[in-house]
Amino acid sequence: MKRKNIICSLALAILCSCSLDYENSGTITPDNVWKDKTMISSFLTDIYGRMLPGWPVSANNTDEGMNGPTSMSEYVRGQITIDNCGQKLDYGNIDRINFFLDQLETVTVLTDEEKKPLRGQALFWRAWDYWGKIFSVGGVPLILHFQDVTDVPSLFVTRNSTSECVEQIVKDLDEAIASLPDTWEGKDYGRIDKGCAMAFKGRMLLQYASPLFNPNSDQSRWETAYSANKAAVDFLQSVGKGLYEGDFADIWYDEQNREVVMVNQYIYPDHKLDQKSIRPEPLTKDGANNNQAIFPLLMAFPKGDGSKLELDVNRLANDPTYNEQFMTDFYMNRDPRFYATIFCPGTEYPCSDVLTDDMKYWNAWKLMADEGSSTGYKYVTLIQDQLNKGIGGNSSGYYQKKGLDPDLTQATVYDADIDWIEIRFAEVLMNYGECANELGKSGEALQVLYDIRKRAGIESSTGNYGITATSQSDIREAYINERFIEFAYEGKRWADLRRWKRYDILNNLKYRASLYPVIKDQSNIAGFDWTKEMYDPEVRKLFRFEYVECVDMDKQYMFNLDLNHWFYSIHKEVIDRNSKIEQNAEWGGTFDPLK
């Protein structure tokens, strides 16, 4: 729905009669809403407006990125309490959806056939909201009808078990799938359709089958998730969906392409997107420098033939020849998704007003003496030092490029209109492949990885596109790595690490590291050609890479996630308000989220 802000403006009738019995049916009253098809549809559209996800800026607490020095949260540093992890379980959207569903039952202005897709969309959103709560804390109270707030005792209910909640979510989604059209066209494009509901059911069942909820790897859950995701893949392909056939970067710019399954369509000026926070300081305003890529993401993308990019940190520091070759390997002939996802120092930043004509954003670095630091020196970016535009030290220096609106200027950073694709066909395909691997269907699982890499543009003479895994455990690791690459900056990394119960991946990193391209001879700065870029071998020879172990420059900021707390706590306000709500067992309560 490109029309995101639907305004119901009904003209008021001019009273020409003196009759005291006159009923103005054109006024917006609670009763009149349900007598008008347009207003009923608008009520549902309001639910979309409240619930449809938008572009995430969520890399800060994972191995994807950082928002600046010392921005790491208490949670990932291991400083957790029952209070700072508490979830308040807002039921506002559930109330609206239940009210809509209850009212729809009594509506006479719509036929049963007209009601079906409306009910199907509402059921999808109820399932969406409930799963968000359950994924956080486990089972929650299942409220399936609008509550009578005057009957106070009836409002205090207990938590349903996780399995009961999942059963209800699947029931809602199955009815939605049966009620929704295969696709929506024209002005209705973007509404929840059958394929979207099937894809979300597959995602939800994959997460429910994962170690977070399924630590003993009950194969029946994996079978259920496999069947749901395979059905989603097959159906979506039957209606023309599939992996995008153009350049990977264009998935975000080629609107309504075949990879889009669930989308929030941004349009200027009615529903514009704010991209200020993911841009570098001199190219934005009111916020900057979020989602800066850190070392693990920089290294995750393979070479152009799919082989792994390796780094020996000691040789990088002590062997100039090795350093020069690694810099070439880093910048040149990488997985095309690398160039589509991350902006690197000394390359062209995609925007309309960089700094001067043809100038590259040179947030490469130089060393300066600093007697106050533990190392005796500090890093300063060339662009900051020479033009006083940019950031100093203590940053990653690599920025999000995926989905960046290239038409923006510093003055228009609030005016982006790049659609957010919440569910891509690639995710549905990889959900299916991951389930296949857990059931021992390695051939199916590997073929998905090959298809993903082939679409990415990786070249392969052997047909495996650099994927060398053969055993179930190795293929599982290959999926962990490939999802990291494919869905970078798409808000999926934290949920993946949590459902896999793999916080150890973060803890093993310890610090947020980066690679700084540092100019070798500072005398070269005076005559530096700011229009050149790192893809030029002669330019690269002017620099060397330095591995910066802790970009935060304060080693108190390190990954130290608690491996004994996987579900969040129920907030104290909720328990104080309703004594029937049990706290999770991990937090000293009696509720088991695994039941």
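**Exercise 1. Leu-180**

Task: Decide whether Leu-180 is buried or exposed in this predicted model, and state which residues Leu-180 is in contact with beyond its sequence neighbours.

Solution:
1. The relative accessibility of Leu-180 is 4%. Buried means under 20% relative accessible area, so Leu-180 counts as buried.
2. In the chain, Leu-180 sits in the loop between helix H6 (162-179) and H7.
3. With neighbours within four places in sequence set aside, the contacts of Leu-180 are Pro-117, Gly-120, Gln-121, Ile-192, Asp-193, Lys-194 and Ala-197.
4. For a long-range distance, take Gln-410, which is 230 residues from Leu-180 along the chain. The two C-alpha atoms are separated by 42 Å.

**Exercise 2. Gly-195**

Task: Locate Gly-195 in the secondary structure, and find what separates its C-alpha atom from that of Phe-235.

Solution:
1. Gly-195 belongs to helix H7, which covers residues 194-209.
2. Its relative accessibility is 1%, so Gly-195 counts as buried.
3. Phe-235 is 40 residues away from Gly-195 along the chain, and the C-alpha separation is 6.7 Å.
4. Phe-235 is also one of the residues that Gly-195 touches; the others listed are Asp-182, Leu-236 and Val-261, with residues up to four places away in sequence not counted.

**Exercise 3. Arg-499**

Task: Which side chain makes a polar contact with the side chain of Arg-499, and is Arg-499 buried or exposed?

Solution:
1. Arg-499 lies in helix H17, residues 493-499.
2. The relative accessible area of Arg-499 is 1%, and therefore the residue is classed as buried.
3. The polar partner is the side chain of Ser-210, at 2.9 Å.
4. Ser-210 appears again among the contacts of Arg-499 outside four places in sequence, together with Phe-135, Leu-206, Gln-207, Pro-211, Leu-212, Glu-434 and Arg-483.

**Exercise 4. Ser-396**

Task: Describe the surroundings of Ser-396, starting from where its place is in the chain.

Solution:
1. Ser-396 is in the loop between helix H13 (382-387) and strand S8 (399-400).
2. A relative accessible area of 0% puts Ser-396 in the buried class.
3. A polar atom of the Ser-396 side chain lies 3.4 Å from the backbone nitrogen of Tyr-398.
4. Not counting residues up to four places away in sequence, Ser-396 touches Met-66, Gln-292, Ala-293, Ile-294, Trp-365, Ser-514, Tyr-516 and Val-551.

**Exercise 5. Backbone geometry**

Task: Characterise the peptide bond from Tyr-268 to Pro-269, then give phi for Asn-289 and for Tyr-465.

Solution:
1. Omega for the bond from Tyr-268 to Pro-269 is near 5°, and the bond is cis. Pro-269 is in the loop between strand S3 (260-264) and strand S4 (292-293).
2. Asn-289 is likewise found in the loop between S3 and S4. Phi of Asn-289 is near 70°, a positive value in a residue other than glycine.
3. With 9% relative accessibility, Asn-289 counts as buried.
4. Phi of Tyr-465 is near 55°, also positive in a residue other than glycine. Tyr-465 is in the loop between helix H15 (442-456) and helix H16 (472-486).
5. The relative accessible area of Tyr-465 is 14%, so Tyr-465 is buried.

**Exercise 6. Pro-537**

Task: Assign an exposure class to Pro-537 and give its C-alpha separation from Thr-328.

Solution:
1. Pro-537 is in helix H19, residues 537-540.
2. Its relative accessible area is 42%. The partly exposed class runs between the buried limit of 20% and the exposed limit of 50%, so Pro-537 is partly exposed.
3. Thr-328 is 209 residues from Pro-537 along the chain, with the C-alpha atoms 7.7 Å apart.

**Exercise 7. The whole chain**

Task: What radius of gyration would a compact globule of 595 residues have, and what does the protein chain have?

Solution:
1. A compact globule with 595 residues would have a radius of gyration near 25 Å; the protein chain has 26 Å, so the two agree.
2. The C-alpha trace spans about 90 × 65 × 50 Å along its principal axes.
3. The chain contains 20 helices and 12 strands, and 53% of its 595 residues count as buried.
4. Among contacts with a separation of 6 or more, 74% come from residues 24 or more positions apart.
5. The accessible surface is about 25600 Å², and 48% of that belongs to carbon and sulfur atoms.
6. The chain has 65 positive and 89 negative charges, whose mean positions are 1 Å apart.

Definitions and conventions. Residues numbered from 1 in each chain as written. Predicted model: local features only at pLDDT ≥ 70, side-chain atom pairs only at ≥ 80, totals over all residues. Heavy atoms only, no water. Helix = DSSP H or I, 4+ residues; strand = E, 2+ residues; numbered from the N terminus. Buried < 20%, exposed > 50% of the residue type's maximum accessible area, 1.4 Å probe, protein only. Polar contact = N/O pair within 3.5 Å; in protein donor to acceptor, adjacent residues only side chain to side chain. Contact = heavy atoms within 4.5 Å. Rg over C-alpha atoms; globule rule 2.2 N^0.38 Å. Areas by Shrake-Rupley, 256 points an atom, 1.4 Å probe, with all protein chains shown as cover. Lys, Arg positive; Asp, Glu negative; His and termini not counted. Charge placed at Lys NZ, Arg CZ, Asp CG, Glu CD.
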